[in-house]
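Me: Please examine the sequence and the structure shown here. I shall then put a series of questions about them.

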Amino acid sequence: MNYVEELELVETRLKKFYAGDDNRYKKHAWDLERAKQAEYQAIAERLLNVVGGSLGRRVEDNEDKDPILFGVGLGQFSSNSKLSTLHPTFLSYFIQTVRSLGYVVVGINEYYTSKKCPRCTEFIAQVTLRSFYCYSCKQYFHRDTMAAQNMCEIVLHRLKTFERPKHLQPLAADGSYPWMASSSTSSSNMAASSSTATGSTTAASSSSSSRKGQEEQIDPSLD
Ligand SMILES: [Zn+2]
């Protein structure tokens with residue numbers, strides 16, 4: 001959950017940075033672009049530090065050799081989830097950068113990740129924009145922390161079982177799970193991802209499922 005805290009700090013700092021009262025970075029487009037790149041680098045460095053990495057080091061040269069996988073919620077992007085259209089965004093920069101260092105990045109369908117309690121897996125109540133409350137667990141959750149926990153669960157469950165956790169899948173009226181690879185009503189297929197990483201990085205398994213003809217994906221080749 002460090003990642004979420006980092007990302008929130010990042011947002012705060014970026015806003016402070018660009019919304020400064022003297023508009024100092026808006027005077028020159030070139031300065032703005034350069035400042036943005038520098039800020040992006042600083043943010044990426046801090047995020048990599050969370051997992052023991054660094055911008056100047058390939059993943060296989062990290063001291064901690066545990067496999068590292070970055071999951072990105074696809075809902076943050078346009079509805080067609082084409083990351084190629086995200087060129088100017090920080091996430092686009094971050095994904096390209098960490099991939100160039102050998103990290104694995106996967107996109108995660110955010111379905112139900114902001115609707116289910118990550119602890120007991122039941123539906124959760126929204127209290128405010130960013131605050132949720134589980135009546136079963138009697139516990140508050142921050143929206144982004146909760147979604148991140150659910151996305152971690154999706155990745156871990158997929159790596160272990162090649163399936164998304166059932167409580168984070170849509171449930172059809174007949175009691176079936178249309179996204180399940182084993183579901184006969186689904187045109188799902190399983191495909192092992194080819195990691196662009198070298199060295200000890202573990203490749204994530206991925207599958208693509210269809211829902212109402214629209215592709216849902218954990219796509220190892222987002223770019
Ligand atoms: Zn709960």
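**Questions on the fold**

Me: Which residue in the turn between β4 and β5 has a positive phi?

Reply: β4 and β5 form a hairpin with four residues between them. The strands named here (E, at least two residues), like the helices (H or I, at least four), are DSSP runs numbered from the N terminus. The turn residue with a positive phi, about 50 degrees, is Lys138.

Me: What pLDDT do local features need?

Reply: Residues are numbered from 1 along each chain as its sequence is written. The pLDDT is the predictor's confidence in each residue, from 0 to 100. This is a predicted model, in which totals for chains, interfaces and linings use all residues, side-chain atom pairs count only at pLDDT 80 or more, and local features need pLDDT of at least 70.

Me: In which element of the chain is confidence highest?

Reply: The mean pLDDT of the chain is 75, and 63% of its residues reach 70 or more. Over residues 184–223, however, the pLDDT is below 50. Confidence is lowest in strand β8 (residues 214–217), at a mean of 34, whereas the element with the highest value, 97, is β4.

Me: Why should the stretch of low pLDDT be treated with caution, and how many contacts does it have beyond near neighbours in sequence?

Reply: Where pLDDT is low, the predicted coordinates should not be read in detail. A contact means that the C-beta atoms of two residues, placed from the backbone, lie within 7 Å. In the model, beyond near neighbours in sequence, the contacts of residues 184–223 number 94.

Me: In what order do the elements run from the N terminus on?

Reply: The chain has four helices and eight strands. From the N terminus on, these elements run α-α-β-α-β-β-β-β-α-β-β-β.

Me: Which strands are the edges of the open sheet?

Reply: Two strands pair if DSSP finds at least two bridges between them. Strand β3 (residues 125–126) has two bridges to β4, and four bridges join β4 to strand β5 (residues 139–142). The open sheet of three strands has the order β3-β4-β5, with antiparallel pairing. The strands that pair on one side only are β3 and β5.

Me: Which residue of β4 is the bridge partner of Ala125?

Reply: β3 is joined to β4 by a hairpin through four residues, and the two strands run antiparallel. Across this pair, the partner of Ala125 is Tyr133.

Me: Which residues of strand β4 point to the buried face?

Reply: A residue is buried if 20 or more other C-beta atoms lie within 10 Å of its own, exposed if 12 or fewer, and partly exposed in between, with C-beta atoms placed from the backbone. Along β4 (residues 131–134) the side chains alternate, and Ser131 and Tyr133 point to the face that is not buried. The residues pointing to the other face, which are buried, are Phe132 and Cys134.

Me: What angle does the direction of α4 make with that of β5?

Reply: α4 packs on the sheet and touches both β4 and β5. Axes are lines fitted to C-alpha atoms, for helices over the stretch in contact, and angles run from 0 to 180 degrees between N-to-C directions. Between α4 and β5 the angle is about 90 degrees.

Me: Which element gives the most residues to the largest nonpolar core?

Reply: A nonpolar core is a set of buried Ala, Val, Leu, Ile, Met, Phe, Trp, Tyr and Cys residues joined through C-beta atoms within 7 Å. The largest has 27 residues, and Val98, Tyr103, Val105 and Ile108 have the most contacts inside it. The elements giving two or more residues to this core include α2 (29–50), α3 (90–100) and β2 (104–108). With five residues, the greatest contributor is α4.

Me: Is Phe70 buried, exposed or partly exposed?

Reply: Phe70 lies in strand β1 (residues 69–73). Not counting residues up to four places away in sequence, Phe70 touches Val98, Tyr103, Val104 and Val105. Because Phe70 has 19 C-beta neighbours inside 10 Å, its class is partly exposed.

Me: Is Lys166 buried or exposed?

Reply: Lys166 is in the loop between α4 (143–161) and β6 (189–192). Since 12 other C-beta atoms lie within 10 Å, Lys166 is exposed.
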